[in-house]
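Here is a short set of exercises to work through with the model open beside you. Try each task before reading its solution.

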Amino acid sequence: MISKSGDIEGSSRTLTAPAPFADETSCQCQAPHEKLTIAQARLGTPVDRPVRVYADGIFDLFHAGHARALMQAKTLFPNSYLLVGVCSDDLTHKFKGFTVMNETERYEALRHCRYVDEVIRDAPWTLTPEFLEKHKIDFVAHDDIPYSSAGSDDVYKHIKEAGMFVPTQRTEGISTSDIITRIVRDYDVYARRNLQRGYTAKELNVSFINEKKYRFQNQVDKMKEKVKNVEEKSKEFVYKVEEKSHDLIQKWEEKSREFIGNFLELFGPDGAWPSITCDSTASSSAKVVVSCSPSQEGAAGHSDLAFSI
């Protein structure tokens with residue numbers, strides 16, 4: 001949807017399609033563009049158009065700190081349209097230094113940020129009245145730290161003096177320089193990582209000797225990993241053996257106690273076996289008494305029975 005002023009409205013567009021480039025969109029501000037104060041913009045005026053906020057930068061290795069700054073710029077006012085200027089490679093290399101991402105990659109990264117409504121390619125290093133008028137910019141958003149560059153103590157000084165500057169807050173702990181520092185500090189790690197992933201030494205700008213060193217280190221790491229895996233498996237095996245041994249000993253002790261109990265029940269002083277033995281002895285004695293035979297009659301000339309005791 002296009003407003004009376006020509007701005008593309010609707011946050012749904014920013015969530016379903018990339019933000020357009022300023023030089024490719026046919027939307028131009030046609031309505032009278034009266035000057036606003038920050039107080040008026042915060043009240044939600046004017047009602048017929050969004051407040052046009054401009055933020056610029058290099059946005060190399062686009063990260064959360066960049067996104068957070070753009071989120072702040074987008075939400076400065078109740079109804080805002082965020083234009084983001086991205087400087088070209090030539091301008092950036094001249095005033096700031098070499099970038100990791102080229103200008104096309106940096107433009108595309110900004111187009112796919114949800115807070116951005118429009119991207120201005122080849123943005124100027126210092127904002128001119130002509131540029132501000134061409135894009136109908138109401139306010140410029142940036143952190144409040146003076147940005148000294150291109151022979152100026154602060155490239156936003158004239159914007160601040162005109163009452164068009166709205167400060168945002170930097171995100172501590174994250175910056176493009178920090179990310180590059182991490183990569184440089186751990187260069188060997190990332191070089192070895194990419195060699196493992198199929199990149200050539202030439203693509204990584206690695207010398208022949210360093211390539212061999214990195215590949216040897218990779219082999220050593222693989223061997224260490226194998227040894228570690230073997231150690232872990234050995235520990236697991238020993239643990240299982242100990243667990244099984246404990247179970248076997250416990251079962252053996254239970255069976256031993258059961259065997260000893262049964263033995264005592266059978267052969268102990270009060271057990272069943274002594275009782276059986278006594279009964280058998282008594283029976284044998286009775287049999288001996290019963291089996292006593294009479295003495296031979298006439299042998300001694302007596303008729304009495306003789307018992308052997």
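A residue counts as buried under 20% relative accessible area, as exposed over 50%, and as partly exposed in between. Keep in mind that this is a predicted model.

**Exercise 1. Classify Lys160, then describe its salt bridge with Asp154.**

Step 1. Lys160 has a relative accessible area of 28%. That value falls between the two cut-offs, so Lys160 is partly exposed.

Step 2. Turn to Asp154, whose relative accessibility is 10%. This is under 20%, so Asp154 counts as buried.

Step 3. The side chains of Asp154 and Lys160 form a salt bridge, with 2.8 Å from N to O. The bridge therefore joins a buried acid to a partly exposed lysine.

**Exercise 2. Get an overview of the chain: how many helices and strands does it have, and what share of its residues is buried?**

Step 1. Count the elements: there are 11 helices and five strands.

Step 2. Look at burial: of the 309 residues in the chain, 33% are buried.

Step 3. Consider the surface. About 20,900 Å² is exposed, and carbon and sulfur atoms supply 57% of that area.

Step 4. Check how the contacts are spread along the sequence. Taking contacts with a separation of 6 or more, 66% are between residues 24 or more positions apart. One example of distant residues brought together in space is Ala17 and His112: they are 95 residues apart in sequence, yet their C-alpha atoms are 7.9 Å apart. Ala17 belongs to the loop between α1 (11–16) and α2, and is partly exposed at 34% relative accessible area.

**Exercise 3. Find what the salt bridges of Asp138 and Asp117 tie together.**

Step 1. Start with the total: the whole structure has 11 salt bridges.

Step 2. Asp138 pairs with Arg49 through their side chains, at 2.8 Å from N to O. Asp138 sits in the loop between α6 (129–134) and β4 (139–143), while Arg49 sits in the loop between α2 (38–42) and β1 (51–57), so this pair ties together parts 89 residues apart in sequence. Both Asp138 and Arg49 are buried.

Step 3. Asp117 pairs with Lys74, here at 2.6 Å from N to O. This pair also links distant parts of the chain, 43 residues apart: Asp117 is in the loop between α5 and β3 (118–121), and Lys74 is in helix α3 (residues 64–74). Asp117 has a relative accessible area of 5%, so it is buried.

Step 4. Finish with a group: Asp23, Glu24 and Arg121 are linked in a network of salt bridges.

**Exercise 4. Describe the surroundings of Thr99: is it buried or exposed, and what does its side chain contact?**

Step 1. Place Thr99 in the chain: it is in the loop between α4 (89–95) and α5 (103–111).

Step 2. Its relative accessible area is 5%, so Thr99 is buried.

Step 3. List the polar partners. The side chain of Thr99 makes a polar contact of 3.4 Å with the side chain of His93. A polar atom of the Thr99 side chain also lies 2.8 Å from the backbone oxygen of Met101.

Step 4. Widen the view beyond neighbours within four places in sequence: the contacts of Thr99 include Ile58, Asp60, Asp89 and Arg106.

**Exercise 5. Test whether the length of helix α10 agrees with its residue count.**

Step 1. Helix α10 covers residues 208–267, which makes 60 residues.

Step 2. At 1.5 Å a residue, the expected span is 88 Å.

Step 3. The end C-alpha atoms are 87 Å apart, which agrees with the expected span.

Step 4. Now see which residues of α10 are buried: Glu211, Tyr214, Asn218 and Ser256. These buried residues pack against α9 (187–196).

**Exercise 6. Examine the cysteines Cys87 and Cys113, and count the disulfides.**

Step 1. Cys87 has a relative accessible area of 4%, so it is buried. Cys113 is buried as well, at 7%.

Step 2. The disulfide count for the structure is zero.

**Exercise 7. Inspect the phi angles of Phe59 and Leu61.**

Step 1. Phe59 is not a glycine, but its phi is positive, at about 60°. Leu61 also has a positive phi, near 50°.

Step 2. Locate them: Phe59 lies in the loop between β1 and α3, and Leu61 is in the loop between β1 and α3 too.

Step 3. Check burial for Phe59: with a relative accessible area of 8%, it is buried.

Technical notes: Residues numbered from 1 in each chain as written. Predicted model: local features only at pLDDT ≥ 70, side-chain atom pairs only at ≥ 80, totals over all residues. Heavy atoms only, no water. Disulfide = S-S within 2.5 Å. Buried < 20%, exposed > 50% of the residue type's maximum accessible area, 1.4 Å probe, protein only. Helix = DSSP H or I, 4+ residues; strand = E, 2+ residues; numbered from the N terminus. Polar contact = N/O pair within 3.5 Å; in protein donor to acceptor, adjacent residues only side chain to side chain. Contact = heavy atoms within 4.5 Å. Expected span 1.5 Å × (residues − 1). Salt bridge = Lys/Arg side-chain N within 4 Å of Asp/Glu carboxyl O. Areas by Shrake-Rupley, 256 points an atom, 1.4 Å probe, with all protein chains shown as cover.
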